[in-house]
Amino acid sequence: MRSIFLTFIFITTIGLISCEDSFSPKVIEEENYVVSCIIGIADTHENFRPTAYLTKIYDVAGIDPTENELDPTISGAIITLGYSHGETHFLDEDTLIYYDPLNPDSILWVSENLYGNPFILYKANEIRIQNQEMSLEINLMAGKKLTANTKFPRGVFFNYSYDFPHGVTPEINQWKHGDYWGIYWDTLEEELYFVTLILSYSIEDDSTTKYHEVEMPLQYIKRKGNQEPVYPKYQSTGKLEYKFNAIDKTLSLISDGDTKKSKYKIWGLEIRAVVYSKELAKYYSSTNGYLDPYSVRLDEKVYSNINGGLGIFGTYKSTSIPHEIDEDYIHSFGYKSRYDN
Amino acid sequence: MNYLNIHKYFNLKSNTLQVFLLLLLSLLTAETDNPIHAQDTGSIRGFISDSTNGEPISYANVVIRNTNHGTSTDTKGFYLIAGIVPGNYTVIVSYIGYKLKEVNLVIKKNIITELNVQLNPSSIQLTELQVIADKTVRRNETDLGLQKISAKEIEFIPVSVEADIFKVIQSSPGVSSTSDITGKYYVRGGGGDQNEVLLNGVTLYNPSHALGLFSIIDPEIISVLEFYKGGFSPIYGDRISSVLNIISKDGNKNKFEASAQASLLSAKIALEGPVPNGSFITTARKSYHTKILKNYLNDKEAPIDFYDISCKVNYSNPELDKGSKFILQGFYSNDYIDYEDPLRENYLLDNLLIGSTWRKVWKNIPLISYVNISYSGFKGKVMPNFSETKFRENNLDDFTLKTDFTYVYESKDELQFGIYNKYLKTFLTQENIAGETVTYDNSGWDLSAYFNYKFYRWEKIGLDLGVRSKFIALSKHRPFILQPRFSFTYLPNPLISIKLAAGIYSQEIVTLTNESELISVFEPWIIIPDHLDAPQSLHFIFGIKYYLTEYFTIETEGYYKSIYNLFDINENKFTQRFSDFDNVNGESYGADILIKYNMFPVLIQASYSLSWAYKINSDLKYFPRYDRRHAVNVLLNLNLGNNLNTSAAWNFATGMPLTPIAGFYDRIHNYDNPIWAYGNNFIPSFYQGEKNSKRLPEYHRLDVSILKEFKFSFLDLTLGGSIINVYNRNNIFYFDRKTGERVNMLPMIISGFIKVKI
């Protein structure tokens with residue numbers, strides 16, 4: 001009897017002390033505002049159209065922010081965007097609801113935010129691109145003011161391990177020039193680059209032509225018995241090297257299983273580069289920082305350049321450089337080149 | 001405090017330093033005029049060892065009957081008693097677990113009598129609890145901050161996977177850990193890399209297996225551990241927080257022995273035996289089944305593979321050189337993770353240690369010397385292959401030549417001095433989180449000398465005055481040249497000892513450890529970069545030890561530690577423009593109490609720690625992650641007879657600091673596209689509040705273990721089992737910073753092992 005009693009006491013004690021703490025890691029701060037303003041430009045454009053999205057921080061019952069149902073969008077702010085030595089522009093509040101121009105009462109399309117509501121954005125019409133620092137100033141109805149600064153990144157200029165006079169082809173002296181096509185560019189401290197090589201081709205079927213694009217991998221690696229492609233990532237270095245056998249394989253794969261090679265027309269390659277401003281580069285680093293799958297990091301700050309609040313005000317610039325593919329090389333696959341009928 | 005300020009700080013103290021040095025020099029001069037051989041007294045010295053295997057017995061008591069002469073052996077089993085008036089005496093040698101031995105001898109004037117004694121293990125079970133005796137002959141020993149841990153005590157701690165010295169250390173008062181799943185420990189508010197781990201005096205730079213889960217030191221090779229939690233003597237000078245000195249066994253001098261052991265994780269073998277004029281011991285351990293580690297890691301399928309090999313050979317030939325002993329040791333450990341997948345990263349970590357020691361007991365002079373030459377290397381590499389993991393590589397080469405001398409005066413005083421000569425090279429290249437490749441390639445020479453004068457002449461007082469001088473430093477912004485150390489013991493009555501210790505310590509090699517990394521796979525070592533100052537610390541410790549009975553002691557220690565120029569990750573670095581690392585300061589203070597009852601068949605050890613630890617950045621004073629206000633550790637060991645032993649360990653600690661979630665917001669992430677292109681351009685995220693400003697709930701855990709030995713005519717068989725976290729407490733480990741998910745520490749784990757010895 002005594003042993004049963006003691007066992008009962010023991011089990012009860014264990015049951016009591018092993019309960020999981022209902023611990024909350026939250027200490028919610030006072031109202032705070034979040035700015036998302038990222039301006040993208042292309043080197044072929046002279047103007048840009050800025051948009052800014054303004055929200056506030058929120059709380060949820062638990063610690064899963066996806067459970068939030070209250071739209072944190074802030075409207076009624078006065079936002080100005082200006083160059084340090086130039087003009088200033090107001091960003092007007094607007095919803096992203098597109099009406100049928102022929103029937104103004106009919107909604108064609110609504111761009112919704114995470115909460116199923118139309119995006120409320122602040123936007124301006126064409127603003128001329130200038131190589132100057134830009135400042136963003138947000139005056140909220142509550143009297144709070146948020147500010148931030150950024151500058152457009154400069155463009156990139158590419159150099160190559162081999163300048164193909166008649167288009168890209170592996171039919172070069174690879175002992176001398178390497179088994180890859182190297183694409184190089186000068187980098188600037190604190191900028192981030194995302195560069196890809198895109199193959200454009202079309203498939204002609206009867207009277208229809210379908211246009212396709214495929215990203216060229218840097219190389220194929222053997223993994224668990226299969227060949228798997230490796231693609232470029234965001235990088236701060238100015239170098240990409242595409243293995244010729246990866247270009248071979250990619251060209252071959254677009255018609256894999258199809259015996260009618262002649263219906264494939266290769267239009268060429270295009271280097272697409274995106275250069276991120278130093279603010280966006282910092283933001284990327286702080287949100288994508290990754291060492292390895294084992295390290296557990298806490299307390300890493302997400303970069304913010306918004307004075308008086310949270311978020312990011314940054315810019316990026318896109319550049320595209322087309323490249324021909326050698327016609328003989330294209331024909332070796334049975335495909336047509338852009339110059340073939 | 002920056003570099004200039006700390007020098008100003010120390011300059012303010014220069015008067016004190018001068019007085020201290022003058023005092024030391026005058027004492028040395030006064031004493032060295034009167035060496036033992038010039039007096040009308042004699043001495044005895046020798047080694048105390050185990051009769052069954054010849055292993056030295058550390059901390060054995062050696063007393064001369066009807067006199068006030070007595071001492072304890074050091075970690076090599078050596079003792080020396082000087083200043084004995086010539087005559088006939090009986091020397092009594094004793095140690096818990098062994099039969100007391102009495103030896104009659106004649107002490108002659110100006111003669112050092114050699115007396116080596118072998119003790120026989122006691123068959124009485126009373127003594128089988130081989131915990132190191134707290135009751136030593138020399139109660140005025142200046143050992144504040146030192147904890148002596150025997151190999152047997154390591155066995156008492158219930159094990160999760162493998163018996164581990166770090167788990168023993170972590171349960172020591174004043175020591176904290178940030179999780180169940182790391183061997184990393186923090187001593188009295190110091191950082192993880194401020195703890196030196198020595199194997200027979202040689203530094204081990206990466207003492208962990210399996211991504212830091214447990215120690216690379218196989219407990220089978222351990223003879224004794226000396227753990228200095230602060231206030232340590234000038235013999236040690238490479239770290240600013242603690243020193244763990246692992247003394248390994250010499251090997252059985254009488255017969256060959258082999259043992260094999262298998263646990264749920266690894267298998268190991270040990271071989272030891274005599275060689276002409278010496279002995280050897282060699283062990284090897286290899287992981288073979290790492291499924292049990294799935295409780296420990298983010299990646300449950302991690303193909304962890306590790307092994308370690310150690311060997312030690314002793315040679316002592318009186319015909320070649322009486323009084324000399326030569327020791328060769330080697331140690332190699334290797335951890336490798338290979339997914340055999342080009343889209344996954346590989347890891348390689350290894351340690352190589354080679355060392356030789358020449359120990360000389362000088363003829364007719366009460367002097368013992370050690371000359372040690374060693375190489376300790378560490379290599380760590382993270383090979384990303386085609387994964388997102390960052391490439392990192394670290395190589396460290398440490399060549400050390402050091403000499404240590406201990407001279408014993410007639411008055412019982414001791415003079416310790418030595419020279420320390422180290423060439424160190426560190427190379428690190430790594431891609432940091434910002435995607436930038438950083439290389440640190442440094443080498444340097446550290447030339448230091450130390451003097452430590454131990455006053456044992458007064459029965460009620462023990463006093464150490466010492467200084468360590470760094471003549472040549474590794475780092476550009478070197479630490480202060482003189483580092484005085486002081487330790488004092490006063491016995492107001494035979495049952496109480498009051499102790500004080502203080503010292504200045506420095507460190508010139510650090511790990512690039514981000515405190516925010518709860519689990520850190522790769523902690524590379526580098527010499528302090530040129531743009532940063534070397535960390536230094538000041539220790540002040542006060543303690544009282546009360547001997548309630550021969551088997552029951554209460555020990556309290558209070559401490560204050562001030563740390564300057566800590567090496568810390570620059571959390572505001574987002575691009576190359578900023579340095580990866582920064583100097584910050586630190587401060588810690590607290591008190592520990594340890595109650596120990598050791599009377600067969602029960603050992604009870606209970607401790608309580610109260611502590612505060614801070615890091616002080618230029619604009620912020622905050623609690624580091626390892627700061628824990630209250631901690632209680634209770635260890636109960638019960639010998640049930642018939643070679644059956646049980647243990648229970650309960651650990652309690654108040655919560656670790658946590659940076660709270662200060663709110664949630666929708667963070668833009670897919671910024672290549674216009675904001676409005678997709679709703680999923682935004683990720684609901686949380687943002688952090690003030691650093692470490694909140695506390696996790698209390699941590700507590702109960703572990704139990706049982707050990708049964710079967711003795712057969714041809715072999716000894718040991719079966720062991722443990723249950724970790726008996727009541728399956730869900731102790732919070734962390735909240736995932738991306739998902740907010742709560743991650744708990746270890747659940748209940750049952751493990752066991754089998755050991756065969758022939």
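**Salt bridges and chain dimensions in a predicted two-chain model**

In chain B, a salt bridge is formed between B:Asp308 and B:Arg285, whose closest N and O atoms lie 2.9 Å apart. Because B:Asp308 belongs to strand β21 (residues 304-315) and B:Arg285 to strand β20 (residues 278-287) of chain B, this pair ties together parts that are 23 residues apart in sequence. The model is a predicted one, and the positions described here are to be read accordingly. Both partners of the bridge are covered: B:Asp308 counts as buried at a relative accessibility of 1%, and for B:Arg285 the value is likewise 1%, which places this residue in the buried class.

A further salt bridge in chain B brings together the side chains of B:Glu587 and B:Lys621, with an N to O distance of 3.4 Å. This pair links distant parts of the chain, B:Glu587 being located in strand β36 (residues 581-599) and B:Lys621 in strand β38 (residues 620-622) of chain B, 34 residues apart. The two partners fall into separate exposure classes, since the threshold for burial is a relative accessible area under 20%: B:Glu587, with a relative accessible area of 18%, is buried, whereas B:Lys621, at 46% relative accessibility, counts as partly exposed. Elsewhere in chain B, salt bridges with shared partners join B:Asp250, B:Lys253, B:Lys312 and B:Lys325 into one network.

B:Glu587 also appears in the surroundings of B:Tyr560, a residue of strand β35 (residues 552-569) of chain B. When neighbours within four places in sequence are left aside, B:Tyr560 is in contact with B:Leu538, B:His539 and B:Phe540, and also with B:Glu587, B:Ser588 and B:Tyr589. For one of these partners, B:His539, the separation from B:Tyr560 is 21 residues in sequence, while the C-alpha to C-alpha distance is 6.0 Å. With these contacts in place, B:Tyr560 retains a relative accessibility of 30% and counts as partly exposed.

In chain A, the side chains of A:Lys336 and A:Glu204 meet in a salt bridge with an N to O distance of 3.7 Å. A:Lys336 lies in strand β22 (residues 336-337) and A:Glu204 in strand β14 (residues 192-205) of chain A, so that the pair ties together parts that are 132 residues apart in sequence. A:Glu204 is partly exposed, its relative accessible area being 25%. Over all chains, the structure holds 45 salt bridges.

The secondary structure of chain A as a whole consists of five helices and 22 strands. The radius of gyration of this chain is 28 Å, well over the 20 Å given by the globule rule for 341 residues, and chain A is therefore more spread out than a compact globule. Taken along the principal axes, the box filled by the C-alpha atoms of chain A has dimensions of roughly 85 × 75 × 50 Å. Of the 341 residues in chain A, 45% count as buried, and the accessible surface of the chain comes to about 17900 Å², with 50% of this area belonging to carbon and sulfur atoms. Among the contacts in chain A with a separation of 6 or more, 69% are accounted for by residues 24 or more positions apart. As to charge, chain A carries 31 positive and 49 negative charges, and the mean positions of the two sets are 5 Å apart.

How values were computed: Residues are numbered from 1 along each chain as its sequence is written. Chains are lettered from A and ligands numbered from 1 in the order in which they are written. This is a predicted model: local features need pLDDT of at least 70, side-chain atom pairs count only at pLDDT 80 or more; totals for chains, interfaces and linings use all residues. Side-chain values use heavy atoms; hydrogens and water are left out. Helices (H or I, at least four residues) and strands (E, at least two) are DSSP runs, numbered from the N terminus. The radius of gyration is taken over C-alpha atoms; the globule rule is 2.2 Å times the number of residues to the power 0.38. Buried means under 20% relative accessible area, exposed over 50%, partly exposed in between (1.4 Å probe, protein chains only). Contact means heavy atoms within 4.5 Å. Accessible areas come from the Shrake-Rupley method with a 1.4 Å probe; for residues, only the protein chains shown count as cover. Lys and Arg count as positive and Asp and Glu as negative; His and the chain ends are not counted. The place of a charge is taken as NZ of Lys, CZ of Arg, CG of Asp or CD of Glu. A salt bridge is a side-chain nitrogen of Lys or Arg within 4 Å of a carboxyl oxygen of Asp or Glu.
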